[in-house]
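Got your viewer open? Load the model, keep the selection tool handy, and we'll go from stop to stop.

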Number of protein chains: 2
Amino acid sequence: MKVSTRGRYGVNAAFELAIRFGEGPVPIKIIADAQQLSESYLEQLMAKLRKAGIVSSARGAQGGYELTRHPGEITVGEVIYAVEGPMVPADCLLQDGRHGCVRVDTCAGRIIWGKIYDGIRSVIDTMTLADLIEEKERKERSEENE
Amino acid sequence: MKVSTRGRYGVNAAFELAIRFGEGPVPIKIIADAQQLSESYLEQLMAKLRKAGIVSSARGAQGGYELTRHPGEITVGEVIYAVEGPMVPADCLLQDGRHGCVRVDTCAGRIIWGKIYDGIRSVIDTMTLADLIEEKERKERSEENE
DNA sequence: AGCATACCCGACCTTTGTTGTCAAGATTGA
DNA sequence: TCAATCTTGACAACAAAGGTCGGGTATGCT
């Protein structure tokens with residue numbers, strides 16, 4: 001039960017872009033350095049974010065990536081969904097309506113996975129990148145007072 | 001963000017044992033048939049459950065597996081933990097106290113993963129195998145009335 | 001022209017999922 | 001008691017998916 005590295009790096013990268021929102025395109029190298037991960041891998045994630053319309057890219061010198069919308073309008077869920085697909089703990093929850101699991105009657109776990117799924121979504125679908133920035137700043141302030 | 005097959009099969013198997021609690025050892029073949037998965041793979045999961053003290057095993061004819069405690073005293077979380085390790089969405093949440101992530105200050109995701117982790121645990125640590133049985137029976141009753 | 005940067009693609013390694021093979025222990029029936 | 005049979009236990013082999021990296025190409029600024 002892990003968030004894949006895609007999800008983790010993706011959120012971290014989006015967060016980095018959120019901090020720099022409004023400063024123009026940010027090259028991938030900057031993000032990779034800040035988050036200590038390889039440029040090659042990050043590129044693949046940025047491609048997914050671009051295809052999902054979350055970031056835009058600019059080639060050439062002074063190019064890079066930037067968010068297409070204000071950080072307050074992008075939820076963490078959107079980012080995760082873009083890089084690693086739905087945050088559903090078990091595939092049988094995905095199918096529509098009555099045609100879920102082949103063995104609905106014997107699959108006890110569905111009750112559990114459903115509850116977990118609801119819990120996860122209530123977190124990631126309501127929290128935006130702007131909220132993340134705010135929480136981080138609050139945390140830093142409280143640490144200064146120690 | 002998936003529960004691995006280990007977790008899913010593990011919970012399903014434990015659930016099957018819970019239904020048969022008190023009837024003596026249940027051979028792995030019965031469980032594998034009921035859940036439609038291979039005996040070989042299930043054996044490996046049962047070995048983990050045994051090492052975790054959740055089930056006991058008896059060899060030879062009339063042997064099999066059974067729960068060591070009443071289904072009401074075994075949480076789903078225990079089972080999942082035994083077969084696939086902690087349900088922590090990101091490893092950096094695991095380390096103790098202040099020594100977590102090497103880059104605590106740059107890791108925005110910790111806020112998110114922490115909230116998700118709390119949500120998941122509140123589900124799986126409170127729900128027991130007996131609760132699962134009860135929920136399933138309730139579901140079946142409501143379907144009869146349709 | 002030259003440089004900085006995104007973009008595409010393929011190779012490799014690690015982890016997870018899955019199945020099969022053989023050994024070891026316990027019960028049953030003669 | 002002995003042998004046949006049922007069952008778990010350990011381990012190896014393989015396939016599939018995810019993660020990681022590097023090289024080469026396209027594009028656009030200066």
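**Stop one: a base of strand C**

Select G60(B): one of its backbone N or O atoms sits 3.0 Å from a base nitrogen of DNA strand C. The elements of chain A that give two or more residues to the surface near this strand are α3 (39–51), β1 (55–58) and β2 (64–67), joined by α1 (5–19) and α3 (39–51) of chain B. Here helices (H or I, at least four residues) and strands (E, at least two) are DSSP runs, numbered from the N terminus.

Before moving on, a word on the ground rules: this is a predicted model, where local features need pLDDT of at least 70, side-chain atom pairs count only at pLDDT 80 or more, and totals for chains, interfaces and linings use all residues. Residues are numbered from 1 along each chain as its sequence is written, chains are lettered from A and ligands numbered from 1 in the order in which they are written, and side-chain values use heavy atoms, with hydrogens and water left out.

**More of strand C**

Now pick R50(A), where a side-chain N or O atom is 3.4 Å from a phosphate oxygen of DNA strand C. Then try G60(A): a backbone N or O atom there lies 3.5 Å from a sugar or linking oxygen of DNA strand C. A polar contact is a pair of N or O atoms within 3.5 Å; within protein, one must be able to donate a hydrogen and the other to accept it, and residues adjacent in sequence count only if both atoms are side-chain atoms.

Zoom out a little. There are 24 residues around DNA strand C, and S57(A), Y65(A), Q44(B), R59(B) and G60(B) come nearest. Sugar and phosphate make up 70% of the strand's atoms within 4 Å of the protein. A residue is near a strand if one of its heavy atoms lies within 4 Å of it.

**Stop two: strand D**

Which residues come nearest to DNA strand D? Of the 23 around it, they are R6(A), Q44(A), R59(A), S57(B) and R59(B). For the strand's atoms within 4 Å of the protein, 73% belong to sugar or phosphate and the rest to bases.

Click through three spots in chain B:

- I28(B): a backbone N or O atom lies 2.9 Å from a phosphate oxygen of DNA strand D.
- R59(B): a polar side-chain atom lies 2.6 Å from a sugar or linking oxygen of DNA strand D.
- A61(B): a polar backbone atom is 3.3 Å from a base oxygen of DNA strand D.

**Stop three: inside chain B**

Leave the DNA and select L129(B), found in helix α6 (residues 129–144) of chain B. Is L129(B) buried or exposed? It counts as buried, because its relative accessibility is 1%, where buried means under 20% relative accessible area, exposed over 50% and partly exposed in between (1.4 Å probe, protein chains only).

Show what surrounds it. Leaving aside neighbours within four places in sequence, L129(B) is in contact (heavy atoms within 4.5 Å) with A14(B), F15(B), A18(B), L67(B), P71(B) and I74(B). I74(B) is 55 residues away along the chain, yet its C-alpha atom is separated from that of L129(B) by 6.1 Å.

**Last stop: chain A as a whole**

Colour chain A by secondary structure to find six helices and two strands. Along the sequence they run α-α-α-β-β-α-α-α. Of the 146 residues in chain A, 44% are buried. Among the contacts in chain A with a separation of 6 or more, 64% join residues 24 or more positions apart.
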